[in-house]
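Colleague: I would like a close look at a single part of this model, taken slowly enough for a first-year student. Please take one sheet, with whatever packs around it, and explain each term when it comes up.

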Amino acid sequence: MVTGEEHKRDLALFRTLVAALSGSQELEQLLHQTLRTIIGVLDTGCPGVVLLVNPRHPGLEVVAHHGLTTEAVPRRVFFDHQPCQQVLSSGLPLLDRNCPGCELCPASEHSEADWHLVVPLKNRQQVLGVLCLACPARCQPESWDLSLWEDIGLQIGRAIYDARLQVQIQQERELLQTLYTISDHLATSLDLDWVLSQVLDLSISATDAADGSIVLLTTHGGPSSRVLSRGLDPSQEEQIINEVLSHGLAGWVVRHGEGTIVPNTAADPRWLPLPDDPSPRRSALCVPLATEERVLGVLTLNHDETGHFDRRLLALMTAIAHQAATAIEKARLHNEVAHLAEVLARRVEERTRELRDAQDQLIQAEKLAALGELAAGIAHEINNPLQVLRAYVEYVTSILPTDTSDLEVLEPMQKALDNIGRLAGQLRDFSRPASGLWQPLNVNAAVESVLRLARKELSHRGIEIETSLATYLPEVNGDSRQLEQVFLNLVLNARDAMPGGGLLRLRSWSDADLVYVQFTDTGAGIREEDLQRIFEPYFTTKDDRGTGLGLAICRRVAAQHGGDVRVSSKWGEGARFTVELPVARKRPQGTGARRLAGQPLPEGQGSS
């Protein structure tokens, strides 16, 4: 029979408990507070624990305890035939005199704990856990009303259910927010690397995974160069990815085109553990990044505990993966369009440069033609009076005694007239088209002929000669005298560029269509602003020592042979002139075989 004091105690306990359960606290904090409240109202001074069922793991999980040292409390407990297991099965509270083999309340520590009260914590008909109290005999627990404790268990069970529901709602809200955030990021970015990084980081955060990876596939199904991972050794990354795509979980997902969960990696043959992994992953989730047409990649998430991932997370990651696949495809298309735009821009720039060069060549050809006509007229007009003056000088020289001092006056006149004659000859050579004996010839022979003429002069000026002439060089069609004149002109220009001595390198080589002869000096070089004008007639950088026709004639002769003369130089680093001549097949007509200025030389034979 319940006495008035016992009734007051029971009522106070129930009211206090209801007040404790009404607070909005986290589950673990709520259960700790509830346990302290019960033990405080009963004033037993003995320990108690709250054990909850975890569907993912066997046994019962210790969620709250009071009166026990933390070191003495295991994380989980396992019961076979003890009162806790009986209460879980029956759903009714139980008061027993002893609890043999209890891991939580050793008899050595609590000698007065003669009774054990085990209360089921239920929500409707589902037992969520148990409340275990060690009760001393002085509290007369045998007089307690077990129906009251059944109601208390229902109140605590409902509170547990509500707290879990709140956590689940909060998790769902966070998952929806994650889904929205990822959708927003994917919709506003075309940077593929950034998109992949955001998807992986937000997926790991949303599922509380330990680590993960994203592997994009090529069109033939193999891994692409884009592999994003968290927690994977970079030195083993390629080998591991290839292995899992061939025989592992990721390969299974790609082949089946659907996501899956591995609750226990040790029991699933699709999971390939990392070699020598000190902390292997216990569970995994893997979803395909797929569009309607094909699988673009695989997203894999891992965790240290078994059973971490559930169907709810799989559904979330499937939705995220679908949006990620759409964003990846969009980013890929954008990158392809951007690449095509770059290629198109380069081609337009190349064509524009070629048209500009062709236009410059046409303008230059017209200028040369006009200058040629002018030069021919000037040479003709100079040559007539020049012959008269030469005749008078020769006549005066012939009538003067050989020992007279007047001959010293006539000698500089004769030299001046010879210089004028030479200039008139250059004008005539510039103006008229190439003539002479055209035949197949080896340009190396022409180069060696020029070196025999100039070697002594170059040596006198302190200029060393280094040659690298190709042993087997195809022949070219041309006039050896004119080509020798071109080569000699380039050698003499190199001499003038190195007044204090230096090194002149001559080399020859060929490709399928052209023969190249290159002259490289170590002189002062050519200023950038002069490079565009270096082949213009009458343009010279030699002050009063040059006529400005030498290089113009060289390029004109090369053009008449179907080739070109190109120059590259940096101020202070010398200059490099390259003569290009077509391989002998038939005599070239005009300048049709000329390469456009600005096209690259084979095998990198370009700038000095």
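Modeller: What follows goes through one sheet, its helices and its core, and then turns briefly to the rest.

This is a predicted model, in which local features need pLDDT of at least 70 and side-chain atom pairs count only at pLDDT 80 or more, while totals for chains, interfaces and linings use all residues. Residues are numbered from 1 along each chain as its sequence is written, and side-chain values use heavy atoms, with hydrogens and water left out.

The sheet is open and has five strands in the order β13-β15-β16-β18-β17, with mixed pairing. Helices (H or I, at least four residues) and strands (E, at least two) are DSSP runs, numbered from the N terminus. Two strands pair if DSSP finds at least two bridges between them. Strands of a sheet pair through backbone hydrogen bonds, either parallel or antiparallel. At the edges stand β13 (463–469) and β17 (564–569), each of which pairs on one side only. With direction ignored, neighbouring strands here are turned by 15 degrees against each other on average. Angles in general run from 0 to 180 degrees between N-to-C directions, and the axes are lines fitted to C-alpha atoms, for helices over the stretch in contact.

Take the edge strand β13: it runs parallel to β15, and seven bridges join the two. One of the places to look is I463, whose bridge partner in β15 is G502.

Next come the helices. α10 lies across β13, β15, β16 and β18, and runs at about 170 degrees to β13. α11 also packs on the sheet and touches β13, β15, β16 and β18, but its direction makes about 20 degrees with that of β16. Contact here means heavy atoms within 4.5 Å.

Now the core. In soluble globular proteins, nonpolar side chains tend to be buried together. A nonpolar core is a set of buried Ala, Val, Leu, Ile, Met, Phe, Trp, Tyr and Cys residues joined through side-chain atoms within 4.5 Å. Buried means under 20% relative accessible area, exposed over 50%, and partly exposed in between (1.4 Å probe, protein chains only). The largest core has 39 residues, and V443, F487, L504, F519, F577 and V579 touch the most other members. Two or more residues each come from α10 (443–460), α11 (480–497), β15 (502–510), β16 (514–521), α13 (550–560) and β18 (575–582). The largest share, seven residues, is that of α10. For one example, V579 touches V486, F487, L490, V515, Y516, V517, F519, D564 and V565, if residues up to four places away in sequence are not counted. Another core, of 29 residues, lies apart from this one and has L200, L216, M317 and A325 among them.

Two cysteines can be checked for burial. C554 counts as buried because its relative accessible area is 2%, and C132 is buried at 13%. The structure holds zero disulfides, a disulfide being a pair of cysteine sulfur atoms within 2.5 Å.

For contrast, there is an open sheet of six strands, ordered β3-β2-β1-β6-β5-β4, with antiparallel pairing. Its edges are β3 (76–77) and β4 (94–96); each has a single partner strand, so one side of each is left without a neighbour in the sheet. In the same antiparallel sense, β5 (residues 115–123) and β6 (residues 126–135) pair over nine bridges.
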